[in-house]
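Please open the structure in your viewer and keep the selection panel at hand. The stops below say what to select next and what is there.

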Amino acid sequence: MGERDDYKFLKIKDAISAINQKVNLIGVVIELGFPKTTRGTDFFCSVKIVDESYPKPGIPVNFFMAHMENLPTVGSPGDIIQLSRVVMKTHNDGVYALFNKKFSSFALYEGKNGEDFLPYQCSLFRPRDHDSKFIAGMRKWLVDFHVDEGVNTFSFLREMREGQHANLVCKILHVCEIAKNEWMALVWDGTDSPPISINTNPEHKMDEQLPLQLEPSPPLSRDLLRTFPTVGTILRVIIDKVNQKHVLHLLNTGEWVKFISILCEVHAGLWCGVLTPFTKLRYLSNEDHFVLACQRSYNERLSLKLGRIPYWCFPWCSQITGLTLLTSYMISVFASFSHFLYA
């Protein structure tokens, strides 16, 4: 494909039929994969893009680079990517675009809120006079675009299973550094994580007891804790040094995100989410039907007399005395409060 053909952008719906051909695409990044090493010497990452012709489900773009810093570092899901001379390929009945480090190029631009037309990152790419027209058109389309995947593509925190991967939709409550080169995000969806079976040994010494928190740093401040929701589990998501550069700037407090294929583990009796090389991230808008349903459910639980008690504490026993009921209630409140602080 000659240089003069760089302006011939294909719509994604047309590109998926151009198998084994080099094409130019411009799309919106809705999903980010974390970088990882290949079996050889290259580094790999994948992003999923959409455009007006193919808003659902979009197509993956796979990047292979000799150095990790050359991989695209998307500033935010919803940013715009311009791709030149990528090759359309198929795998397991799916179609994807392959970025070849020898002849492909890319440029990343800010999304719908961007004000200029200069890329904030590019590879083998020279800005051109007419690029602004394509970027402006994509930003205009983005104003009314929302990703809506339906209700069958995610799990609630209450459905987590130890050792299994899950697609969790959560709200970012807080991000903090808990140790050198190790960060933690606290996330929430309004549901209660399942109870954990803890095998105790009465012969354990006091210094072998399960901790109330995993982090060696001081606990979160009381003022911060007061801003957290009082119903539902708050889950730790551990971010290691490898993923910091590519993840931290995407986890903005108050945003709703979807962790795709996050590993659910139990550390010292506490639920944690673990990012793996196969984990991906995408944003959800505040108008997404799931986000609205979570907020509505949260408000309903707050209005109920026993709404703050974890779901797994029900059903109540019917033949109990008032004292037993009061004791059970206090235990349940303590369990809910423990989830709020430590789960």
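Begin with helix 2 and select Lys133 and Lys140, which are exposed on the other side of this helix from its buried residues; exposed means over 50% relative accessible area, buried under 20%, and partly exposed in between, with a 1.4 Å probe and protein chains only. The model is a predicted one, in which local features need pLDDT of at least 70 and side-chain atom pairs count only at pLDDT 80 or more, while totals for chains, interfaces and linings use all residues. Residues are numbered from 1 along each chain as its sequence is written, and side-chain values use heavy atoms, with hydrogens and water left out.

Now turn the helix over and select Asp131, Ile135, Met138, Arg139, Trp141 and Leu142, the residues of helix 2 that are buried. Seen down the axis, the buried residues of helix 2 fall within an arc of 160°, so they line one face of the helix; the arc is that of the directions from the helix axis to the C-beta atoms. Helices (H or I, at least four residues) and strands (E, at least two) are DSSP runs, numbered from the N terminus. Among the elements covering these buried residues are strand 1 (22-33), strand 3 (43-50), strand 5 (80-91) and strand 7 (105-109).

Stay with Arg139 and add Phe117: the charged end of Arg139 sits over the ring of Phe117, 5.1 Å from its centre, where the criterion is that NZ of Lys or CZ of Arg is within 6 Å of the ring centre and within 35 degrees of the ring normal. Lys22 likewise lies over the face of Phe103, at 4.1 Å from the ring centre.

Next select Trp188 and Tyr298, both of which are buried. They form an edge-to-face aromatic pair, 5.3 Å centre to centre with 85° between the planes; rings of Phe, Tyr and Trp (its six-membered ring) pair if their centres lie within 6.5 Å, and planes under 30 degrees apart count as stacked, over 60 as edge-to-face and the rest as tilted. Trp188 lies in strand 10 (residues 182-188) and Tyr298 in helix 5 (residues 289-303), so the pair ties together parts that are 110 residues apart in sequence. Ring pairs link Trp188 and Tyr298 with Phe154, Phe156, Trp256 and Phe290 into a cluster.

Finish at Val257 in strand 12 (residues 256-267), which is buried with a relative accessible area of 0%. Leaving aside neighbours within four places in sequence, Val257 is in contact (heavy atoms within 4.5 Å) with residues including Leu168, Val169 and Tyr283.
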